[in-house]
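This report describes the sheets, the helix packing and the ligand surroundings of one structure. The account begins with the ligand and then turns to the fold elements.

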Amino acid sequence: KRIIFMGPPGGGKGTQAQRLEDKFGIKQLSTGDMLRAAVAAGTELGKQAKQVMDAGQLVSDDLMIGLISERVDQPDCANGFILDGFPRTIPQAEALDALMADKGMDLDAVIELRVPDSLLVERITGRFSCAKCGRGYHDKYQQPKVEGVCDACGSTEFKRRADDNAETVTSRLEAYHKQTAPVLAYYEEKGKVHVVDGTKDIDQVTDDLVAILEK
Ligand code: AP5
Ligand code: ZN
């Protein structure tokens, strides 16, 4: 399957994509994770992206389209992929349509995880992840089963994102409403969007997503 996850920052895209990757064996492609890896590695892309990300703004369409275009051809995407964080602008959506048509790939669904802004700041400022494997957690909503130990890989080191502070979150929400909301309208016109209530607890949201994907 080939799926797009849409939703605001902190909406639960990454959390749910990791679970669906485990369940269905379809690869999570998070453009945010790719950019953070580039920043950590100190590549040219990382240097360009860091300031933009710290300001809560969007990295240029050209860079993002190039990144995804190469990524979907890799062998680990043969079974399908979940795009988490892409496309975020109309030019990105149009470029994705063109490159998928070019590669003979169909889009199965666009899923909107709908969560009101009022819940997002708490979700984002409480988030942390495993420093080794990237598994996501939350101080209140999703703690490791054994305190201080990653469920997935057993590591005891965790990290927090540089852009997960209240000021940057405000800019990220603004970018979402201004630049990314029109992408939802774009896919609605094509009849591709399934809306999922992202305010339910994490397991319930997963069940709702599985029901959609198994249809
Ligand atoms: P990106 O990494 O994509 O960040 P984002 O869209 O802001 O999304 P998040 O990762 O913050 O949220 P999420 O929906 O994955 O939530 P999560 O599951 O972690 O992008 C970062 C930056 O990179 C952008 O600002 C931009 O600069 C750049 N960028 C990336 N892609 C780009 C593109 N295509 N074009 C241009 N620029 C791009 O959940 C959050 C927390 O809540 C977690 O702790 C989780 O445990 C908890 N939680 C999840 N679900 C629930 C629930 N149902 N109930 C309670 N808690 C929950
Ligand atoms: Zn881990």
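In this predicted model, an oxygen atom of ligand 1 lies 2.5 Å from an N or O atom in the side chain of Arg 88. Arg 88 is also listed among the closest of the 34 residues that surround ligand 1, together with Thr 15, Gln 57, Arg 127 and Arg 172. Nitrogen atoms of the ligand take part in polar contacts as well: one involves a polar backbone atom of Val 59, and another involves the side chain of Arg 123. The table sets out these distances.

| Ligand 1 atom | Partner in the protein | Distance |
|---|---|---|
| Oxygen | N or O atom, side chain of Arg 88 | 2.5 Å |
| Nitrogen | Polar backbone atom of Val 59 | 3.1 Å |
| Nitrogen | N or O atom, side chain of Arg 123 | 3.5 Å |

A cis peptide bond leads from Phe 86 to Pro 87, with omega near -5 degrees. Pro 87 belongs to the loop that runs between strand 3 and helix 5 (90–103).

**The parallel sheet**

Five strands form an open sheet in the order 2-3-1-4-8, and their pairing is parallel. Strand 2 (27–30) and strand 8 (193–197) are its edge strands, each pairing on one side only. From one strand to the next, the twist averages 25 degrees. Strand 8 runs parallel to strand 4 (residues 109–114), to which five bridges join it. Within this pairing, Asp 197 of strand 8 is the bridge partner of Arg 114.

Helices lie across this sheet. Helix 1 (residues 13–24) crosses strand 1 (2–6), strand 2, strand 3 (81–84) and strand 4, and its direction makes an angle of about 170 degrees with strand 3. Helix 7 (residues 166–189) lies across strand 1, strand 4 and strand 8, at about 140 degrees to strand 1.

**The antiparallel sheet**

An open sheet of three strands has the order 6-5-7 and antiparallel pairing. Strand 6 (136–138) and strand 7 (158–159) each have a single partner strand, so each edge strand keeps one side without a neighbour in the sheet. Strand 5 (residues 127–130) pairs with strand 7 over two bridges in the antiparallel sense, and Cys 130 stands opposite Phe 158 of strand 7. Three bridges connect strand 5 with strand 6, again antiparallel; here Phe 128 has Tyr 137 in strand 6 as its bridge partner. Five residues separate the strands in the hairpin of strand 5 and strand 6, where Gly 134 adopts a positive phi near 90 degrees.

**Packing of helix 2 and helix 4**

Two packed helices are described by the angle between their axes and the distance between the axes. For helix 2 (residues 31–41) and helix 4 (residues 61–71), the angle is about 105 degrees and the axes are 11 Å apart. Because angles of 65 to 115 degrees count as roughly perpendicular, helix 2 is roughly perpendicular to helix 4. Helix 2 contributes Thr 31, Met 34 and Leu 35 to the contact, and these meet Met 64, Leu 67, Ile 68 and Arg 71 of helix 4. By class, the residues of this contact comprise five nonpolar, one polar and one charged.

Notes. Residues are numbered from 1 along each chain as its sequence is written. Chains are lettered from A and ligands numbered from 1 in the order in which they are written. This is a predicted model: local features need pLDDT of at least 70, side-chain atom pairs count only at pLDDT 80 or more; totals for chains, interfaces and linings use all residues. Side-chain values use heavy atoms; hydrogens and water are left out. Axes are lines fitted to C-alpha atoms, for helices over the stretch in contact, and angles run from 0 to 180 degrees between N-to-C directions. Helices (H or I, at least four residues) and strands (E, at least two) are DSSP runs, numbered from the N terminus. Angles under 35 degrees count as roughly parallel, over 145 as roughly antiparallel, 65 to 115 as roughly perpendicular and the rest as oblique. Contact means heavy atoms within 4.5 Å. Ala, Val, Leu, Ile, Met, Phe, Trp, Tyr, Cys and Pro count as nonpolar, Asp, Glu, Lys and Arg as charged, and the others, Gly among them, as polar. Two strands pair if DSSP finds at least two bridges between them. A residue is near a molecule or strand if one of its heavy atoms lies within 4 Å of it. A polar contact is a pair of N or O atoms within 3.5 Å; within protein, one must be able to donate a hydrogen and the other to accept it, and residues adjacent in sequence count only if both atoms are side-chain atoms.
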